[in-house]
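Me: I've got a structure here and a few labels I'd like to see justified. Can you go through them with me?

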Number of protein chains: 2
Amino acid sequence: MRCATRRGTSRSVSTTSTSSRRVHVVPAKVSRERHALGRGVGADIRLRRERGRIEWFAENTGFMWERARSLGQCLCSLRQIQKGLVGIAKGGTSAKGFGFGKMKYAESRRSQHAYKRKVLRGVIAVREQRCGLQQELGGILDDDAGARRLRRAHLDLKNNLSSQSSPVVLFGGSYGGMLAAWFRLKYPHVAIGALASSAPILQFDGLCSPYSFYDIVTRDFKSESENCYEVIKRSWKEMDDAINKGVGIRELKRAFNICNYEEMDVVPSLVENALVYAAMTDYPTPSNFLKPLPAHPVQKMCEAIDHPKTGNDTFSRLYGAVNIYYNYSGNVDCFALHDDDPHDTLYGWDWQSCSELLLAVGGVSNSSMFPPSPYNFTDQVADCQESNEGIPPKPHWITTEFGGFDIKRTLKRFGSNIIFFNGLRDPWSGGGVLESLSESLIAIAAHKGAHHVDLRFSTNEDPKWLTEIREKEVQIIKNWLTEYYRDSA
Amino acid sequence: MRCATRRGTSRSVSTTSTSSRRVHVVPAKVSRERHALGRGVGADIRLRRERGRIEWFAENTGFMWERARSLGQCLCSLRQIQKGLVGIAKGGTSAKGFGFGKMKYAESRRSQHAYKRKVLRGVIAVREQRCGLQQELGGILDDDAGARRLRRAHLDLKNNLSSQSSPVVLFGGSYGGMLAAWFRLKYPHVAIGALASSAPILQFDGLCSPYSFYDIVTRDFKSESENCYEVIKRSWKEMDDAINKGVGIRELKRAFNICNYEEMDVVPSLVENALVYAAMTDYPTPSNFLKPLPAHPVQKMCEAIDHPKTGNDTFSRLYGAVNIYYNYSGNVDCFALHDDDPHDTLYGWDWQSCSELLLAVGGVSNSSMFPPSPYNFTDQVADCQESNEGIPPKPHWITTEFGGFDIKRTLKRFGSNIIFFNGLRDPWSGGGVLESLSESLIAIAAHKGAHHVDLRFSTNEDPKWLTEIREKEVQIIKNWLTEYYRDSA
């Protein structure tokens, strides 16, 4: 275990008063706390972001749908159960043929208490028509009413399958991966196993370094070329200098093709987001998770920096890279921060990651290609309280409820049937379980992998290592099922 | 597994409309629902029962205190965490030298909603002065605020021990045994193991027969003598006949030495309680758990029935038996139902067992020595709702949250380090885990044992089987500790 063997609760927090960045699992957004890099998302945008699309998550979890039949199962998705997904219109059907229901954030946002109570009460209704069945699985972690819903959903599932002993396997990526792992640990009578992909369950309460996220993004770009790293590292000061000069701001906006209606100092945030998200989604094949992207986007962005098509200056090089992230389709007229959240998930995530899911992350080390920014726990808590309308976060809730300290010792002889997949190019892998905890709590780490790459639909261009990892995962899950049926005999 | 291998959720409920008895883990009380046997506890008594004594539980968990030092540990009690034990005066010190704090039921009884929210939020503060340390362990099962308290208490414990890696082992009997087992399953990062003694975790939701409780009481008495069984079996009709005659009631009260202020029809309930509690506490040595009792009280009561010292009629024989239960000390002037709850726990237990902890129990089969009474789930739910001021029970909450169906399959490859002890003379053993679920989820069943007899203080008169069982338990726990320290090395 790289960092989870730490004992006790002491934290690697800086004593400086500099605010730390807030980082988002997926999708991320601009780090509002770093004022030098501008404030990107205002209240007006928040108000518009009250709806998310479950289809988006499903479209990026192809592995599960592809393999359900080969496993002889109809599998349900627990993926990306977000806070506040309480109201569900079950009749909704997407154009993609999956037939998922629409999801809505709770409408009681104005009632702080009621809203708070609803956190983590999420329920997702999944109608998996491929198996010809209507299935529903509610995933709830800490709430009594939720637990009853879960049980009811569980019974519905069993009844719909006309078999009360059908095994349930959970698949989750990112936050959904954390939920899948915790769900298996808390409700072994509901789910026989979980594939927890890119689940940073150790990114809490000082368990792992709060600097790992930006360090890994840096490592990704540095691995492509030293020059790429150097250009990016020096660009921030040049951007700040330009912002500090009146004429410079206009130049900067033009250099980066920023939409006219955007704030003047938005450029550094846009650049940072492009770099971070490219690292997270540095997939080996073309993808369209957060944005339409080519295969190996980090490599492509570094190539644009190293071999610019237009000018040789820093901004021209950087623009070439940013253009790959924001405009790979070639259809985008200008860039805007709002485009960083095309799937409208940030409103919920902002709340969640500042209440019960306070990820201890966002520090930037001196060797990073980003401007150094010490992590400060106290500031993170204060910023979150301000952001969440005065309701304080619960920084120790996750480790209280789900553990994390001494995880290897705790789970060596407890629990079973969880796969922890991590792609080591994924900045979130710094908080992942990277070593197996026991014979059936299995860590799989892919050196060339990004954020839950294993869960994506397969393509003919998939590299061998990815195909092999998926096969390994399928084999492990098949073994769980074999064991289950043998135990049931 | 005797009954836990049942699958699905179908219940062995009768379709008749006869109300079932409500049975209490410990202490029990008169079965109010069976009107033929009278109504014993009225609202006036409930109002007086708002305080319980944790010392009483501690005094009956000697095993833990005796063995703490030999295990090289300071162990904390999670035993008998009752609903509503929210307010705790930590400074309270008992005359017994343990120094436990006083416990109080929540004072918000009138606020149904608030009260409901507090159910199972219990916190017990234990100050274990024998180890020279002040330790506090909060045990909370379903509540977020509670979980934070738990974590805080956990940290306090670790800090007080000046060692953040000190292992915690849970000991619990009866309801406390259920809590100990569930706690270990939900919070493996807090407790490394649990001794769950006489914990009927399968007495829910139709998992085990709702008739087993009275069947086992019957078996206990029948095992002493067939005549004892026959006398008791025919006594109920004679009591009913006497109650139905005006003169008979006075005769009956006199025959059973009932206090003048008691209701006229209290006798059958008093007799039933004496028989049930004697079976539960049928210990092999003199005890003073629910009442001062001789060793083998069931045997003594049957001897009184088989060889009466006064008259030969049914009532004289039965009185001899009842007198052993209610007046073994010889100091009791007359018998009263209120004396069945000397430790003031029923008020809390009544609420608990009719809300989240709805034990599916209380049916009386035709072969029982008690008057037959079919179990009816619907009636039990309705009776509970009426009893709990209109708040409906949650009959599926326990199996939703903690499982139970297919427990052997579910836990065969999940979880570890729980001992399930059951004494087979204990009527609650019908809902216990009687077969080991895995190598480290170990069932120990004692044919001659009663309700958590293993947890009692040792005496020089302890039979060999009891000494051996305690040694076995200590050895298992020592192995957990050895493993824990080896894993920590």
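Reply: Sure, starting with the largest pocket: α16 (407–412) and α17 (464–488) of chain A, plus α16 (407–412) and α17 (464–488) of chain B, each give at least two residues to its lining. Helices here are DSSP runs of H or I, at least four residues, numbered from the N terminus. This is a predicted model, where local features need pLDDT of at least 70, side-chain atom pairs need 80 or more, and totals for chains, interfaces and linings use all residues. Residues count from 1 along each chain, chains are lettered from A in the order written, and side-chain values use heavy atoms without hydrogens or water.

Me: What makes Y325(B) and Y326(B) an edge-to-face pair?

Reply: Phe, Tyr and Trp rings (six-membered ring for Trp) pair with centres within 6.5 Å; planes under 30 degrees apart are stacked, over 60 edge-to-face, the rest tilted. Y325(B) and Y326(B) are 5.1 Å centre to centre with 90 degrees between planes, so edge-to-face fits.

Me: Why is Y325(B) called buried?

Reply: Because its relative accessible area is 1%, and buried means under 20% (exposed is over 50%, partly exposed in between; 1.4 Å probe, protein chains only). Y326(B), at 5%, is buried too.

Me: How do you know that K186(A) lies over the face of Y187(B)?

Reply: The rule wants NZ of Lys or CZ of Arg within 6 Å of the ring centre and within 35 degrees of the ring normal. K186(A) is 4.4 Å from the ring centre of Y187(B) and is listed as lying over its face. Likewise, the charged end of K222(B) sits over the ring of Y229(B), 4.2 Å from its centre.
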